Amino acid sequence: MAATSSDGRRTDEDLIGRADLNDVEAILAVVNTDTDSRFHDVGADVDTRFTWDYERARPKLGKLYEKAKLTQWNANDLPWATDVDQEAVVMANAALSASSGLAPMMDLSGTPFASWGDKEWVEFGVESQNWTLSQFLHGEQGALVCTARIVETVPWIDAKYYAATQVMDEARHVEVFSRYLDEKLSGHYPINAHLQMLLDDIIADSRWDMTYLGMQIMVEGLALAAFGFITQMTTEPLLKALLRNVMADEARHVAFGVLSLQEFYGQLSAAEIRERQEFAFEAAVRMRDRFLQQEVWERMGVDVRQATQFLLQTPERDVFQSMLFSKIVPNCRKLGLLDAADGWLRERFTELGVIQFEHWEDTAEELAVA
Ligand SMILES: [Fe+2]
Ligand SMILES: [Fe+2]
């Protein structure tokens with residue numbers, strides 16, 4: 001039975017299945033047990049909306065649509081002939097990182113990594129690449145499906161036009177990540193259970209604006225930040241070029257979410273806005289949990305519980321994790337989601353340690369379409 005707080009609101013336990021954000025047992029209890037299936041079906045009860053109002057009434061969305069038409073690119077034009085030696089990439093990336101080494105800069109005694117030498121850290125780096133790119137691939141398919149949904153459900157003609165260009169963008173993103181994994185890396189991972197839960201929640205929701213909030217603001221906002229981080233950190237030229245192209249598309253996708261929801265949220269009641277805040281928080285926690293990469297530890301035969309506990313304490317992870325929210329937080333602020341309901345989401349983002357990004361530029365401003 002769902003517990004609610006004294007004011008009748010849903011508690012953290014209702015929203016994310018645990019009272020303590022760092023409850024490792026609860027995080028690890030979420031596992032993907034359906035890894036042999038080729039398909040995954042999600043039911044949804046949505047109305048497809050036709051509009052007979054073809055007037056181009058939303059010039060900002062129109063501007064974004066024009067940009068999208070002019071900046072299409074072909075996956076085949078990336079430098080696919082580049083030879084990728086995964087182990088060499090792990091070592092070259094490590095040489096450039098702050099720690100200038102393969103292991104995190106902290107005391108490893110008493111951890112599952114105490115006995116690890118360079119060989120294990122390189123293997124871990126290679127598995128991390130396989131895992132990270134696999135999750136990007138699955139996330140991109142989520143975006144493909146969500147954007148096709150938006151074409152159907154959004155009531156505005158300008159938004160249908162724009163969303164149609166995004167469907168093409170996302171097909172291209174699935175294509176490039178899939179090809180990179182197949183041709184350049186050494187293994188695939190099934191979708192992470194936390195990411196799957198989030199995509200399922202987004203796609204099962206019948207309200208058209210929730211597709212936008214979950215995908216354009218949360219998932220794509222995080223992807224934009226993560227791609228930016230990896231573009232800066234990686235020494236691998238094909239991945240750099242690939243991510244640069246994908247990021248240019250993603251910035252438009254996030255701006256599309258900001259512009260559309262800004263207009264729509266103006267019409268919502270306080271109770272409806274509160275539901276959006278809760279959805280944003282739930283999505284934020286799912287995405288944070290997914291980056292604990294529990295599947296990598298499993299594959300490497302490391303005690304998952306101990307590894308996760310350890311990872312939660314490393315300073316490198318702290319920096320990486322908070323940086324992932326550098327696009328999401330300013331965009332939520334722009335949408336009025338931080339301060340509505342007495343600052344409920346502001347408090348949650350403070351708990352997650354990411355509120356410091358609130359005054360960063362939002363993505364619509366950044367793209368000069370605001
Ligand atoms: Fe994408
Ligand atoms: Fe996207």
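## A first walk through the model

Ala 280 touches Leu 213, Met 218, Cys 332, Leu 337 and Leu 345, leaving aside residues up to four places away in sequence. Two residues are in contact here if their C-beta atoms, placed from the backbone, lie within 7 Å.

Before going on, a word about what you are looking at. This is a predicted model, in which local features need pLDDT of at least 70 and side-chain atom pairs count only at pLDDT 80 or more, while totals for chains, interfaces and linings use all residues. Residues are numbered from 1 along each chain as its sequence is written, and chains are lettered from A and ligands numbered from 1 in the order in which they are written.

The predictor's confidence in each residue is the pLDDT, from 0 to 100. Its mean for the protein is 91, and 97% of the residues reach 70 or more. Confidence is highest in helix 6, at 98, and lowest in helix 13 (residues 315–323), at a mean of 79. Helices are DSSP runs (H or I, at least four residues), numbered from the N terminus.

### The core

Ala 280 is also one of the residues with the most contacts inside the largest nonpolar core, which has 72 residues; Met 218, Leu 222, Ala 255 and Cys 332 are listed with it. Helix 8 (residues 208–233) gives the largest share of this core, twelve residues. Such a core is a set of buried Ala, Val, Leu, Ile, Met, Phe, Trp, Tyr and Cys residues joined through C-beta atoms within 7 Å. A residue is buried if 20 or more other C-beta atoms lie within 10 Å of its own, exposed if 12 or fewer, and partly exposed in between.

### Five residues to find

| Residue | Place | C-beta neighbours within 10 Å | Class |
|---|---|---|---|
| Ala 159 | helix 6 (residues 157–184) | 25 | buried |
| Arg 172 | helix 6 | 19 | partly exposed |
| Gln 293 | loop between helix 10 (270–290) and helix 11 (294–300) | 21 | buried |
| Phe 320 | helix 13 | 15 | partly exposed |
| Asp 342 | helix 15 (residues 340–351) | 8 | exposed |

Ala 159 touches Leu 61, Val 154 and Ser 260, again not counting residues up to four places away in sequence. From Asn 32, by contrast, Ala 159 is 127 residues away in sequence and 34 Å away in space, C-alpha to C-alpha. Arg 172 and Asn 74 are 98 residues apart along the chain, with 7.7 Å between their C-alpha atoms. For Phe 320 and Phe 229, 91 residues apart along the chain, the C-alpha separation is 8.3 Å.

Most residues other than glycine have a negative phi. Gln 293 has a positive phi near 40°, and Asp 342 has a positive phi of about 55°.

### Two helices that cross

The axes of helix 4 (residues 86–96) and helix 5 (residues 118–153) come within 9 Å and cross at roughly 105°. That makes helix 4 roughly perpendicular to helix 5. Axes are lines fitted to C-alpha atoms, for helices over the stretch in contact, and angles run from 0 to 180 degrees between N-to-C directions. Angles of 65 to 115 degrees count as roughly perpendicular, those under 35 as roughly parallel, those over 145 as roughly antiparallel and the rest as oblique.

Where they meet, helix 4 brings Gln 86, Glu 87, Val 90 and Met 91, and helix 5 brings Val 122, Gly 125, Val 126 and Gln 129. The residues of this contact divide into four nonpolar, three polar and one charged. Ala, Val, Leu, Ile, Met, Phe, Trp, Tyr, Cys and Pro count as nonpolar, Asp, Glu, Lys and Arg as charged, and the others, Gly among them, as polar.

How values were computed. Helix = DSSP H or I, 4+ residues; strand = E, 2+ residues; numbered from the N terminus.
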